[in-house]
Amino acid sequence: MEWSTRLTDLLNIQYPIIQGGLAYLGYADLAAAVSNAGGLGQITAMSLPDANSLRCEIQRIHALTDKPFGVNLALGMQRADLADRLQVIKEENVSVVSITGGNPTDMLNELRRTDIITLVLVSSRRQAQKAEALGASAVIVVGNEGGGHLGRDGVGTMVLVPSIADAVQIPVIASGGIGDGRGWMAAQALGAEGIAM
Ligand SMILES: Cc1cc2nc3c(=O)[nH]c(=O)nc-3n(C[C@H](O)[C@H](O)[C@H](O)COP(=O)(O)O)c2cc1C
């Protein structure tokens, strides 16, 4: 089985497997376990009440792994302290940020001035093309199988992933309904270079 893709190169990870943002589950312990196993773990910022708690959680994961990890930002949920959280992300040397739940324009414009890799969650071809035009490093394409977290138009992963893989140049990460190695192989056949689950 071929594991090496543009995504593993981009993120400097062994397997093209990302632990998706998980509200109230995606803390440092889980994220470090995924990163230590060769994927990309993520701290989910929306589970944390404020920017200082996010800083503590990032410092905790730095103590648990020396591998790359990400922070997931749900834009609609961070409210007024989004700028403070972003400042913490920069100060604490986070290398990857994933963005969901809102218009990513301002965030991508801000992060383009840094070395931080940006993964934008999308559920349509239009959103993917917009994210690419705004400088996103890769898109996470979430089909309706992802529990309607995104993709409320009812378009499944199987349809969405090839459609977006044909429409953008940046790596596509498939998400929604992928649970094992067969799912990864299917996603790869559809044009994805990684999976988020
Ligand atoms: C309990 C739960 C909480 C989630 N919270 C977030 C979140 O905070 N941010 C995010 O980007 N995605 C979130 N997601 C979506 C997942 O990261 C992922 O895109 C989706 O679950 C993929 O589908 P799968 O569960 O079939 O693998 C959440 C999913 C679940 C099940």
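Which pocket is the space taken by the ligand? In this predicted model, the ligand occupies the largest pocket, and the description below moves from the ligand's direct surroundings to the lining of that pocket.

The ligand is surrounded by 16 residues, of which the closest are Gly-21, Ala-23, Asn-72, His-149 and Gly-177. Divided by class, this shell holds ten polar residues and five nonpolar ones, together with one charged residue. Polar contacts to the ligand include the three listed here, two of which involve backbone atoms, of Gly-21 and of Ala-23, while another involves the side chain of Ser-175.

| Residue | Protein atom | Ligand atom | Distance |
|---|---|---|---|
| Gly-21 | backbone N or O | oxygen | 2.7 Å |
| Ala-23 | backbone N or O | nitrogen | 3.0 Å |
| Ser-175 | side-chain N or O | oxygen | 3.2 Å |

The ligand taken alone exposes 610 Å², and 74% of that area is buried by the protein.

The largest pocket itself contains about 680 Å³ of space. Its lining is made up of 35 residues, and those closest to the pocket centre are Thr-100, Leu-121, Val-142, His-149 and Leu-150. Two or more lining residues come from each of the strands β3 (69-74), β4 (96-100), β5 (117-122) and β6 (138-142), and also from the helix α6 (125-133); α6 makes the greatest contribution, with four residues. By class, the lining of the largest pocket comprises 17 nonpolar, 15 polar and three charged residues. His-149 appears in both descriptions, being among the residues closest to the ligand and among those closest to the centre of the largest pocket.

Note on methods. Residues numbered from 1 in each chain as written. Predicted model: local features only at pLDDT ≥ 70, side-chain atom pairs only at ≥ 80, totals over all residues. Heavy atoms only, no water. Near = heavy atom within 4 Å. Polar contact = N/O pair within 3.5 Å; in protein donor to acceptor, adjacent residues only side chain to side chain. Areas by Shrake-Rupley, 256 points an atom, 1.4 Å probe, with all protein chains shown as cover. 1 Å grid on protein atoms, 1.4 Å probe; cavity = no way out; pocket = protein on both sides within 12 Å on 5 of 7 lines; lining within 4 Å. Sits in = over half its atoms within 2 Å of the grid points. Nonpolar A, V, L, I, M, F, W, Y, C, P; charged D, E, K, R; others polar. Points joined across faces, edges and corners; volume = space filled by probe spheres on them.
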